[in-house]
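User: I would like to learn how to read the features of a model, one at a time. Could you take me through them, with the general idea before each case?

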Amino acid sequence: HTFYAFWGLAFALFALCIFLCITEANKKVIFPHIFASLFFAEVTAFAVFVGLMLCAFAFDSLIFSIDLGEYFLICFTFSQAVVAVTVFLSLLQLDEKNIGIPRSFGAIILYALFPLYVLLMLILYAYLLKILVQQKMPSGQINPFVSFASFFYIAFYFILQSRETRAVSIFYKIGNIILLPCIAAQIIAVIIRFQAYGLTSARLAGMLYIASVLYFVALTFIKEGKYTPTFFILIAALCLISTFTPLHIKRIPDLEQHLRLEKLLRNYGYYTDGVFTVPAAALIDKIPAEKKSAIKSAYNALPSEIQKDYAPDKKTFKDKFGFYADSSSDSGYKIFEYIAKNTKIDISAYSSLERLYAYSYTESETITYTLDGKKYNLTDFMLNMPNNDVPFVIPAGDARLYILEANCQYDEDTCRFTFYRYSGYILR
């Protein structure tokens, strides 16, 4: 929740800052100026990042070996938190008399990016035509493309206000109308996915985004878009509500998936006198395949502390529910995550400290860590991650493995890990 709160507050403050920068005198030039400042700040930050990584590679190759993964994060954080922010603030001007928009930026927007937006809209309309010809409902694949299209529409709506060309004039006259059929198809696709697999954090965020886009498009029809800047107030409010209130973007999907799973289990005989019990095999065989898939997707979407309430003495999905299910849904794998909130470690009893970091994208039945030629099995830890605030300690001979963060993806049908990562320290 700290992660969500941080980014929710960051996006809310950024949206409010943009809104507060707008005045009646500068409203046509402030947005392209902000975007231009941000663009050149990111270009500068990227150049610094590439240069620092080049130096890190040279140091690693010529002097002595270093942890390039750790330096990658350090260089990226420095380039964004220091370089990008500093350059952006140095370029930003709020007085309309001093606001300047580089001609190169205008050329990039109008003659490079805007035509790409038009091309994307043509592709989306070709897909809508395909839907009408084949008489099929839109699939979830359309969702990210419409989201990109609506994002670029909003960005261009603010950026191109100071431009006066025929293409821009047409964009402001009918751009909102052209976008609406694509949004309608996106809403239908989201409803279909929601009915099939329920609510997830990503899907809820997508719904909130669609609602905010519809709000913005509605404002473009009122007094030539006079009130469109209030869009940023809505974004700030949604960010704060979904990350700081009981209507949390993680809590609401968990509650919905839990209720959905309970309804499915009760409908198919998994409760006897209010106690969770796996029904007889003959009854399980009568459950439709799509309902089995729905049970599995709802279960996999739940946090591990709720999953443990269902037959805690059994580990695999088949042992808990008595069947295998198709893993084709977007929640086809079980995901475990562990983060120690309190990272303080008493090192007084040890003489050395080493960095611990390992990851793999190769499928495997077990997870092991080799230390001093001996393998230590971490499988049980990864499948039963504790809900602790302190680092988890794993004995490794005379040493101790202090796990600060870990996550993995596990396919219960094949009983194999598809991905895992853990980090911390080795103390001796």
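**Reading burial, contacts and cavities**

Analyst: Let us begin with a single residue, Ile 235, which is found in helix α8. Please keep in mind throughout that this is a predicted model.

User: Is Ile 235 buried, partly exposed or exposed?

Analyst: The general idea is to compare the relative accessible area with two cut-offs, since buried means under 20% and exposed means over 50%. Ile 235 has a relative accessible area of 21%, so this residue counts as partly exposed.

User: Which residues is Ile 235 in contact with, leaving aside its neighbours within four places in sequence?

Analyst: With those neighbours set aside, Ile 235 is in contact with Ala 15 and Ser 212. A separation in sequence can also be read beside a distance in space: Ile 235 and Ser 61 are 174 residues apart in sequence, and their C-alpha atoms lie 46 Å apart.

User: What covers the buried residues of helix α1?

Analyst: The cover includes α2 (30–62) and α8 (231–244), and the residues of α1 that are buried are Ala 5, Gly 8, Ala 12, Ala 15, Ile 18 and Cys 21. Ala 15 is thus a buried residue of α1 that is also in contact with Ile 235. As for its span, α1 (residues 2–21) has 20 residues and reaches 29 Å from its first C-alpha to its last, close to the 28 Å expected at 1.5 Å a residue.

User: Is His 33 buried or exposed, and what does His 33 touch?

Analyst: His 33, whose place is in helix α2, has a relative accessible area of 4% and is therefore buried. Not counting residues up to four places away in sequence, His 33 touches Leu 91, Leu 92, Gln 93, Ile 99, Gly 100 and Ile 101.

A second case is Ser 79 in helix α3 (residues 68–91), which counts as buried because its relative accessibility is 0%. With residues up to four places away again not counted, Ser 79 touches Ala 45, Phe 49 and Ala 84.

User: How many cavities of 30 Å³ or more does a search of the whole structure find, and which residues line the largest cavity?

Analyst: The general idea is that rolling a probe the size of a water molecule over the atoms shows where empty space is left. Here the search finds one cavity of 30 Å³ or more, and about 40 Å³ of space lies in the largest cavity. Its lining is made up of Pro 32, Ile 101, Phe 105, Gly 106, Ile 109, Ile 159, Leu 160, Ser 162 and Arg 163, which divide into six nonpolar, two polar and one charged. Helix α4 (residues 103–134) gives the most to this lining, with three residues. Ile 101, one of the lining residues, is also among those that His 33 touches.

User: How many disulfides are there?

Analyst: The test is whether a pair of cysteine sulfur atoms lies within 2.5 Å, and by this rule the count comes to zero disulfides. Burial is a separate reading: Cys 182 is buried, with a relative accessible area of 1%, and Cys 408 is buried, with a relative accessible area of 1%.

User: What does the protein chain look like as a whole, in helices, strands and burial?

Analyst: The protein chain has 14 helices and nine strands, and its C-alpha atoms fill a box of roughly 70 × 65 × 35 Å, taken along the principal axes. Of its 428 residues, 40% count as buried. Among contacts with a separation of 6 or more, 71% are accounted for by residues 24 or more positions apart.

Methods
Residues are numbered from 1 along each chain as its sequence is written. This is a predicted model: local features need pLDDT of at least 70, side-chain atom pairs count only at pLDDT 80 or more; totals for chains, interfaces and linings use all residues. Side-chain values use heavy atoms; hydrogens and water are left out. Buried means under 20% relative accessible area, exposed over 50%, partly exposed in between (1.4 Å probe, protein chains only). On a 1 Å grid over the protein atoms alone, a cavity is a set of points where a 1.4 Å probe fits but cannot get out, and a pocket is an open set with protein on both sides within 12 Å along at least five of seven lines; lining residues have an atom within 4 Å of a point. Grid points are joined across faces, edges and corners, and a volume is the space filled by probe spheres set on the points. Helices (H or I, at least four residues) and strands (E, at least two) are DSSP runs, numbered from the N terminus. Ala, Val, Leu, Ile, Met, Phe, Trp, Tyr, Cys and Pro count as nonpolar, Asp, Glu, Lys and Arg as charged, and the others, Gly among them, as polar. The expected span of a helix is 1.5 Å times one less than its number of residues. Contact means heavy atoms within 4.5 Å.
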